[in-house]
Structures are given as C-alpha cells and as structure tokens.
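Colleague: Please take one part of this model and describe its surroundings closely. I should like a single connected account.

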Amino acid sequence: QVQLVESGGGLVQPGGSLRLSCTASSTTFSIYNMGWYRQAPGKQRELVATITGSGNTNYVDSVKGRFTISRDNAKNTTYLQMNSLKPEDTAIYYCKALAGQLGQTYQYWGQGTQVTVSS
C-alpha cells in the first residue's frame, strides 16, 4: 500500500504563485511515475503534469511555461510549482503515484488540495 499526503493549496490572486507538495510513503512498494491532476467544478479530472523516476516530464498545454513539476526521489516527494496563476487554474489538485513490486503496478491518489485563484 501507498499513502499520499498533499499540501500547499490555498487562495491566491491572479498572477500569483503556489507550490504543491505530495509525499508518497510505502514500506514495500517502489514508487514509479508521479503526477498532478486537477478537477474543476462541473468538469472532468484532467492531467496537469507527470514526472518519471528519471525526471522526464509531461505537461498539459494550458500550463506549459507556467507550471514546473519536480521530484525528490530520496523523499518520494513531487512538487508542482505554479506561477502566473489564472482564475481558470482554480480546481482541486490531486497527486497520483504509480507504485508496485514484482512486476505489478498500481495507481494511488491523494486526497486532493484546493487551489483557488481569485481577486
């Protein structure tokens, strides 16, 4: 089993910045890819950014150039630095991790953290 603990959400004005953190803990599983997803009211959950264990990243077009995903493998922690925030970035942000062992891979989700961009 893997537990994901997120932090860093909050209320910020347009143009502001926030940094989200997500730490994965497991006594038996290896943590593979990690990523961030978001879900705005009335919309489907969408991918924001992902990062592999070797540091390869992927972003949804709407956040390219504004958001940066990074990872500290020693701490099994991923970060999402969000700059130049816009009202349309308002959503619940969820951390996701792929983890497993012995050839089996499972996905795990965090509880979500609210990000609100408003003046």
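Modeller: A polar contact is a pair of N or O atoms within 3.5 Å; within protein, one must be able to donate a hydrogen and the other to accept it, and residues adjacent in sequence count only if both atoms are side-chain atoms. The model is predicted, with local features requiring pLDDT of at least 70, side-chain atom pairs pLDDT 80 or more, and totals for chains, interfaces and linings using all residues. Numbering runs from 1 along each chain as its sequence is written, and side-chain values use heavy atoms, without hydrogens or water.

The part chosen is the setting of Arg 71, a residue of strand E7 (67–72); strands are DSSP runs of at least two residues, numbered from the N terminus. Arg 71 is buried (under 20% relative accessible area, with over 50% exposed and the range between partly exposed; 1.4 Å probe, protein chains only). Despite this burial, Arg 71 has no salt bridge (a side-chain nitrogen of Lys or Arg within 4 Å of a carboxyl oxygen of Asp or Glu). The nearest side chain of opposite charge belongs to Asp 72, 8.1 Å away; Lys and Arg count as positive, Asp and Glu as negative, and His and the chain ends are not counted.

What the side chain of Arg 71 does reach is backbone oxygen: that of Tyr 32 at 2.5 Å, and that of Ile 51, which lies 3.4 Å from one of its polar atoms. Beyond neighbours within four places in sequence, Arg 71 is in contact (heavy atoms within 4.5 Å) with Ile 31, Tyr 32, Asn 33 and Met 34. Its further partners are Ile 51, Thr 52, Gly 53, Thr 77 and Thr 78.

Strand E4 (30–39) also carries Tyr 37, while Trp 109 lies in strand E10, so their pairing ties together parts 72 residues apart in sequence. The two rings form an edge-to-face pair, 5.0 Å centre to centre with 70° between the planes (Phe, Tyr and Trp rings, the six-membered one for Trp, pair with centres within 6.5 Å; planes under 30 degrees apart are stacked, over 60 edge-to-face, the rest tilted). Tyr 37 is buried at 14% relative accessibility, whereas Trp 109, at 32%, is partly exposed.

The loop between strand E3 (18–25) and E4 holds Thr 27, which counts as exposed at 82% relative accessibility. The C-alpha atoms of Thr 27 and Tyr 79 are separated by 21 Å. Phe 29, in that loop between E3 and E4, is by contrast buried at 16%.

Methods
Helix = DSSP H or I, 4+ residues; strand = E, 2+ residues; numbered from the N terminus.
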